[in-house]
Amino acid sequence: DVTEIEEKEAQAKQEEQIMKEQELSNLLHEKRYLKALGLAISLDRPHTVLTVVKAILKEADGRKHLEKNIVRLRKDQKEAVLTFLVTWNTNSRNCHEAQAVIEILLKHEEPDSLLQYSGIKSAVESLLPYT
């Protein structure tokens, strides 16, 4: 019978999730946005990533800070953000943040590099009608 082992594993995962949530909250409070972005992306939380982007844009020189943070993300993290912003762009309340991130990606990534992103074709097709 492995029920007890499975329950302990599930409880450990839940505790780990709670710890990450607390860490994310602390990072946002401390305005450590790059780490907060990375953690929100790793947790696969598009809304939390959007919250971080909005928080950055509210700062003085928000666009510069957002640019600095987005540029420093790894390629896989940028791909995840691209996937998230496709959804953000369809909502008029979030489209400005989505457009800001798109602008940064287009400005700092080479076209050949962007073509290597997984799901870039569907992302562009989804972005065009709303952009």
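A residue is called buried here when its relative accessible area is under 20%, and in this predicted model that criterion picks out Cys95, Glu97, Ala98, Ala100, Val101, Ile102, Ile104 and Leu105 as the buried residues of helix H6 (95-108). The cover over these buried positions includes H3, H4, H5, helix H7 (111-115) and H8. The helix itself has the expected length, because its 14 residues, at 1.5 Å a residue, should span 20 Å, and its end C-alpha atoms are indeed 20 Å apart.

From H6 the view can be widened to the largest nonpolar core, which holds 35 residues and in which Val49, Leu85, Trp88 and Val101 touch the most other members. Two or more residues of this core come from each of helix H1 (3-29), helix H2 (33-42), helix H3 (46-58), helix H4 (62-71), helix H5 (75-89), H6 and H8, with H5 giving the most, seven residues. Leucine 85, one of the residues that touch the most other members of the core, is in contact with Ala98, Val101, Ile102, Leu105 and Leu127 once its neighbours within four places in sequence are left aside.

Some of these residues return in the description of the largest pocket, whose volume is about 190 Å³: its lining includes Ile102, Leu105 and Leu127, together with Leu82, Leu106, Leu114, Ile120, Val124, Leu128 and Thr131. Helix H6 and helix H8 (120-127) each supply at least two residues of that lining, which by class comprises nine nonpolar residues, one polar residue and no charged ones.

Key
Residues numbered from 1 in each chain as written. Predicted model: local features only at pLDDT ≥ 70, side-chain atom pairs only at ≥ 80, totals over all residues. Heavy atoms only, no water. 1 Å grid on protein atoms, 1.4 Å probe; cavity = no way out; pocket = protein on both sides within 12 Å on 5 of 7 lines; lining within 4 Å. Points joined across faces, edges and corners; volume = space filled by probe spheres on them. Helix = DSSP H or I, 4+ residues; strand = E, 2+ residues; numbered from the N terminus. Nonpolar A, V, L, I, M, F, W, Y, C, P; charged D, E, K, R; others polar. Core = buried A, V, L, I, M, F, W, Y, C linked by side-chain atoms within 4.5 Å. Buried < 20%, exposed > 50% of the residue type's maximum accessible area, 1.4 Å probe, protein only. Contact = heavy atoms within 4.5 Å. Expected span 1.5 Å × (residues − 1).
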